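User: I've got this two-chain model open and want to go through how it packs. Can you walk me through it?

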Amino acid sequence: MSWLRAIGAWLEERLGLRDSIWPVMRHPVPSGARWWYVFGSATLTLFMVQVITGICLALVYVPAPDQAFQSLEYMNYDQYLGWLLRAIHYYAATGMVCMMFVHMTQVFLFGAFKYPRELTWLVGVGLLALTLFMGFSGQVLRWDQDAFWGLNVAASMAGRVPLIGPQVVNLLLGGPAVGAASLSRFFTLHVFIVPALLILLISVHLYLVLKKGISEPPVPGRPVDPKTYEAEYHKVIDKGEPFFPDAVWRDAIVSFVAVVVVVIVAAWLGPYGPRSIPDPTLIQANPRPDWYFLWMFALLALSPPEVETFIMLVFPAVLFGILIAFPFVAGKGERSWRRRPISVLLVIVVFISFVVLTYLGAVAPWSPEMEAWSSTPVPEKMIRWRDAQEPPQWHNVTPEQLQGAVVLQNKNCRDCHALDGKGGQRGPDLTDVATRLTRDQLIRQVIQGGGNMPAYGKQLKPAEVDALVDFLGTLHGGEAPAHSSAPASP
Amino acid sequence: MSQPVDPYEPPPPTSPERRRILQWCAIGLGTLASLILGIPILGYLLGTLINRQRDDWVDLGLVGKFPEKQTVLVNFDLPVLQPWDGDARKASAYVRHKDKTVFTDSAGKFDGGFVVFAVNCAHLGCPVSWFPSSGLFLCPCHGGVYYEDGLRASGPPPRGLYSYEVQFQRPGTPRQVVTPEEYQRMNEEERGTLVLQIKAGHVPTLHDPLRKGDKGDKA
């Protein structure tokens, strides 16, 4: 193998890597570094996976609306291992977002954003924003119904910007409506502009990490003081270990596991979508963002309409503002999470909110079930039932009550109201509505509506209202029906 | 001009004057080159704003095809954005033939007895579905509801459905726009042969509805 060594020596004489790279690889890191510090490199590894798989996808994908869907179907079914590449790209995106949030949480709880690493944190916030944009634009490139209508939703949000709304929409879509220019725009952003920005910011981020050193594990009772920190840190580093190989082996193992898990999950679950054809005339669409934006979808759906524009446009800026403020508001002082109860509380609240909002976004109880009126029948036990006699006798509702049940279905009430748990979740379940509302209250509610319910007064004939309320009056499930407290007139 | 410069000899000292002139020349030329390259590139990037595509009239079908007091979903093609738009060029609208005898809307503007709604919900743009049995439009995304006249019934939409500007043309070549007076004078059969048109092309948003000045009343 001496010829191999000869080639290495020839290259080393000209590249001089031993002088430049080797000291970096051997730079000292704090001895107690442990496994908590691996998530940044795991995020970076998955980013590299995305670049490689992204290049592979770009060899087949066509970013034009008349061919994008077909090129993705081709990738799924005709291109050799195309399905696997698509799946890896999707699940590595999920993995990268997860690893990024774990990394961010770890840095936050270890106080590693404090002096002198404030700029590293700020660059990291920029990386967060860019990565989330890559997630959104990646979904647009999938160019199915979710992507097409999702882009319309983004345009509607952008259109709410005061004064320059229409101009922002025009720039976002590359024209007056969603079309070829929109797809090209997002393709260019997703493939050229934002990856270049990501690589630039990652370089700055890594440079800062090397320059300022890996932060030492925080110790309660040893706060950060800018006047004395550098000297203290040098004392820690003098007793440190070289990054290669004494610390980086943990990063290597976790990155290895991350890549293997992503590939296995991708091979097992297969590619995601494209789902329905992005034909705007198929209006039975029900668009959803990818999972990492479901929390925002839920937050907007649950906000009062009056503050929605504020939440849409200002709230994300406020969130980023808070993230950017951390190194300035809490840049000194205790680093250990054991001495920072508010930070721990913040992380817990954010995590729980995220999980709950994501779950709600997935279930979306505020969305009417558009087919329930014709596909979910009235439970039979509300129309006819057997009593407890020997032998049991069958009972029916009266013909008028039966007509009321027909009105309940035909007027699309079931799209928002469930019976016996089946049907829409937007309004209350009506299974025992008669225990809550008297006949008069039922009539008022049906005719005048209120809140999220429209007024049905003009949509129903008086006879239909009577029949409907008659039927609803039977829905008290054996309990005592509601009655008004006002005494009956003598 | 003179003898070649010897790289091993120290260079002759430059006067501060000359240095300053060369410095400003470099900055000036650099700025000039940046502007000559940059301004056209910026113009290209903002091209969709500078060279705005206008809405255009689109045929929806013959007036006689739309029964009175019914809301019908029609498909049409948006004015061409780019030749490879594919399916993205398709669009839909709800045509409601309100009345065979009243030809103005509530504000007194001529509409030939028709109102044409965009499928985009006024809340965040999801496509709404028409339910003829209850006479309501329902939006699947956040449960916005509209009445048959487009007014907001309930839910998060901040206004009623967006409606298009309409006009009527006599078929044949060349096409002729029918004035409101001519329309009123025609009998029902003649009116049925006219072509219903809408001015379409851009996606409606809160500050950019389909018709100028359309504030979209809530119910």
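User: Over how many bridges do S2(B) and strand S3 (residues 90–97) of chain B pair?

Analyst: Keep in mind that this is a predicted model. S2(B) and S3(B) pair in the antiparallel sense. One residue to look at is Phe76(B), whose bridge partner in S3(B) is Ala91(B). Counted along the pairing of S2(B) with S3(B), the total is 7 bridges.

User: Which are the edge strands of the open sheet with the order S2-S3-S4 in chain B?

Analyst: That open sheet has 3 strands in antiparallel pairing, and its twist averages 35° from one strand to the next. An edge strand pairs on one side only, and that picks out strand S2 (71–77) and S4 of chain B.

User: How do the rings of Phe117(B) and Phe137(B) pair: stacked, tilted or edge-to-face?

Analyst: Phe117(B) sits in strand S4 (residues 114–118) of chain B and Phe137(B) in strand S6 (residues 136–138) of chain B, so the pair ties together parts that are 20 residues apart in sequence. Phe117(B) is buried at 2% relative accessible area, and Phe137(B) is buried too, at 0%. Their ring centres are 5.6 Å apart with the planes at 75°; planes over 60 degrees apart get their own label, so this pair is edge-to-face.

User: And what about Phe108(A) and Phe326(A), whose planes are at 50°?

Analyst: Phe108(A) belongs to helix H5 (residues 82–109) of chain A and Phe326(A) to helix H14 (residues 315–329) of chain A, 218 residues apart. Both Phe108(A) and Phe326(A) are buried. Their ring centres are 4.8 Å apart and the planes are at 50°, so the pair is tilted.

User: Which helix gives the largest share of the largest nonpolar core?

Analyst: That core has 68 residues, and those with the most contacts inside it include Trp143(A), Phe76(B) and Tyr183(B). Trp143(A) touches residues of chain A, among them Phe148(A) and Leu151(A), and also Ala88(B). The largest share, 6 residues, comes from helix H7 (residues 145–158) of chain A.

User: How many residues does the second, separate core have?

Analyst: This core includes Val407(A) and Leu468(A) from chain A, and Leu136(B) and Leu138(B) from chain B. Its count is 29 residues.

User: Last one: which charged residue sits over the ring of Tyr183(B)?

Analyst: Tyr183(B) is one of the residues with the most contacts inside the largest nonpolar core. A charged end lies 5.4 Å from the centre of the Tyr183(B) ring, and the residue it belongs to is Arg191(B).

Methods:
Residues numbered from 1 in each chain as written. Chains lettered and ligands numbered in written order. Predicted model: local features only at pLDDT ≥ 70, side-chain atom pairs only at ≥ 80, totals over all residues. Heavy atoms only, no water. Core = buried A, V, L, I, M, F, W, Y, C linked by side-chain atoms within 4.5 Å. Buried < 20%, exposed > 50% of the residue type's maximum accessible area, 1.4 Å probe, protein only. Helix = DSSP H or I, 4+ residues; strand = E, 2+ residues; numbered from the N terminus. Contact = heavy atoms within 4.5 Å. Phe/Tyr/Trp six-rings, centres within 6.5 Å; stacked < 30°, edge-to-face > 60°. Lys NZ or Arg CZ within 6 Å of the ring centre and 35° of its normal. Pairing = 2+ DSSP bridges. Axes fitted to C-alpha atoms, helices over the stretch in contact; angles between N-to-C directions. Lists of a residue's contacts leave out its neighbours within four places in sequence.
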